[in-house]
Amino acid sequence: MTDTAAPAAASRIVVLTGAGISAESGIPTFRDAGGLWEGHSVEDVATPQGFERDPVTVQRFYDARRRAAASVAPNAAHHALARLERSLGDRLLVVTQNVDDLHERAASHRVVHMHGRLDRALCRACGARSEWHDDLEDRPSCPVCGERMLRPDVVWFGEMPYELDRIENAVVACDIFVSIGTSGAVYPAAGYVALAAAFGARTVELNLEPSDAVVPFDESLVGRATDVVPAWVDGILARS
Ligand code: BJW
């Protein structure tokens, strides 16, 4: 439960976010009842093999999610983290597993999308990653090489997440590691709490329910992201 130990004023903070932070904006999580995987096999829509087998189904799944993400707005939790960045500057890094752009639309700038982004397309012919806001089902041409081999620029199981060196450097150097709205079911993200703790960071979880983390967090705030994240940010800013 809540531990009220105060963080040092000049703390470096890494915030790891997952689907739970965007849930109250209207984007379903993956593993909760009624979530994104319901009606979809993970192997069919979130692996390179599933894409090879049935690219049309996979493109439709991501086209629908791209449209849905564009139609929702950041919530109080995204805005609170942007407020924290305005105060901490480069002492804060948000590492998100989410492929939506709600952190950016709340005006966060220091955000790493380790599982890619829905608003980018990856060309399987030339490797270019292009900003993309339209559907991919009709096999549009790559703006760089012209080939019709675009896929969503997201990281599927078995693929290497993005910017791992930058993330790991930040995690081992941080004073506070905060996990928000993630089940802790997917690696390497799920391993960062143990890494941060091993390097002496204080660890905090903000979630609707305690997750399956392999090591216990030092502090756990249970509740909806739109309630607990602004409250936690207020507490940090009051001590900074
Ligand atoms: C609320 C809330 C509210 C709800 N307020 N909270 C051991 C070690 C290393 C790797 C592996 C390993 N064992 C297996 C692996 C491989 C695999 C893996 O982890 N498999 C697991 C099934 C075990 N990992 C990979 O393949 C990764 N690549 C890789 O490992 O490369 C090699 C490598 C090895 C070692 C080091 C470095 C590299 C790639 C993983 C790619 C994951 N891709 C997806 C899809 C992305 C595209 C898309 O969006 O479709 O990413 S899967 C999906 O899960 C998505 C998410 O980002 C990810 C995490 O989900 P998340 O965000 O946690 O959501 P949920 O639904 O699970 O949880 C929601 C949470 O919110 C819950 O806790 C709720 O309580 C909470 N919540 N409402 C607050 N209102």
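Of the 240 residues of the protein, 50% count as buried. The model is predicted. Nine helices and nine strands make up its secondary structure. The radius of gyration is 18 Å, close to the 18 Å that the globule rule gives for 240 residues, so the protein is as compact as a globular protein of that length. Along the principal axes, the C-alpha atoms fill a box of roughly 55 × 35 × 30 Å. The accessible surface comes to about 11,000 Å². Carbon and sulfur atoms hold 52% of that surface. Contacts reach far along the chain: among those between residues at least 6 apart in sequence, 65% join residues at least 24 apart.

Now turn to the interior. The largest nonpolar core has 23 residues. Ile13, Val15, Val178, Ile180, Leu206, Val229 and Trp232 touch the most other members. Two or more residues come from each of β1, α5, β2 (92–96), β7, β8 and α9. Helix α9 gives the largest share, six residues. Another core lies apart from this one. That second core has 18 residues, among them Val14, Val95, Leu164 and Ala189.

Leu206 offers a good view into the larger core. Which residues does Leu206 contact, leaving aside its neighbours within four places in sequence? The list is Val178, Ser179, Ile180, Gly181, Leu221, Val228, Val229 and Trp232. Val178, Ile180, Val229 and Trp232 also appear among the core members that touch the most others.

Helix α9 deserves its own look. It covers residues 225–239, 15 residues in total. From its first C-alpha to its last it reaches 21 Å, close to the 21 Å expected at 1.5 Å a residue. Its buried residues are Ala225, Thr226, Val228, Val229, Pro230, Trp232, Val233, Gly235 and Ile236. What covers them? The cover includes strands β1 (13–17), β7 (176–180), β8 (202–207) and β9 (219–222). Helices α1 (19–23) and α5 (76–88) are also part of that cover.

Charged pairs come next. Side chains of opposite charge can pair when their charged atoms come close. How many salt bridges does a search of the whole structure find? The search finds 17.

One joins Asp135 and Arg67, at 3.2 Å from N to O. Asp135 lies in the loop between β5 (129–131) and β6 (150–154), while Arg67 lies in helix α4 (residues 55–70), so the pair ties together parts that are 68 residues apart in sequence. Asp135 is partly exposed, with a relative accessible area of 35%.

A second pair links Asp153 with Arg129, at 2.8 Å from N to O. Asp153 sits in strand β6 and Arg129 in strand β5, so this bridge ties together parts that are 24 residues apart in sequence. Are the two partners buried or partly exposed? Asp153 counts as buried, at 0% relative accessibility. Arg129 is partly exposed, with a relative accessible area of 39%.

Arg105 and Asp101 form a further salt bridge, their closest N and O atoms being 3.0 Å apart. Arg105 is partly exposed, with a relative accessible area of 37%. Finally, salt bridges also link Glu24, Arg224 and Asp227 in a network. Asp227 falls within the range 225–239 of helix α9.

Definitions and conventions
Residues are numbered from 1 along each chain as its sequence is written. This is a predicted model: local features need pLDDT of at least 70, side-chain atom pairs count only at pLDDT 80 or more; totals for chains, interfaces and linings use all residues. Side-chain values use heavy atoms; hydrogens and water are left out. Helices (H or I, at least four residues) and strands (E, at least two) are DSSP runs, numbered from the N terminus. The expected span of a helix is 1.5 Å times one less than its number of residues. Buried means under 20% relative accessible area, exposed over 50%, partly exposed in between (1.4 Å probe, protein chains only). Contact means heavy atoms within 4.5 Å. A salt bridge is a side-chain nitrogen of Lys or Arg within 4 Å of a carboxyl oxygen of Asp or Glu. The radius of gyration is taken over C-alpha atoms; the globule rule is 2.2 Å times the number of residues to the power 0.38. Accessible areas come from the Shrake-Rupley method with a 1.4 Å probe; for residues, only the protein chains shown count as cover. A nonpolar core is a set of buried Ala, Val, Leu, Ile, Met, Phe, Trp, Tyr and Cys residues joined through side-chain atoms within 4.5 Å.
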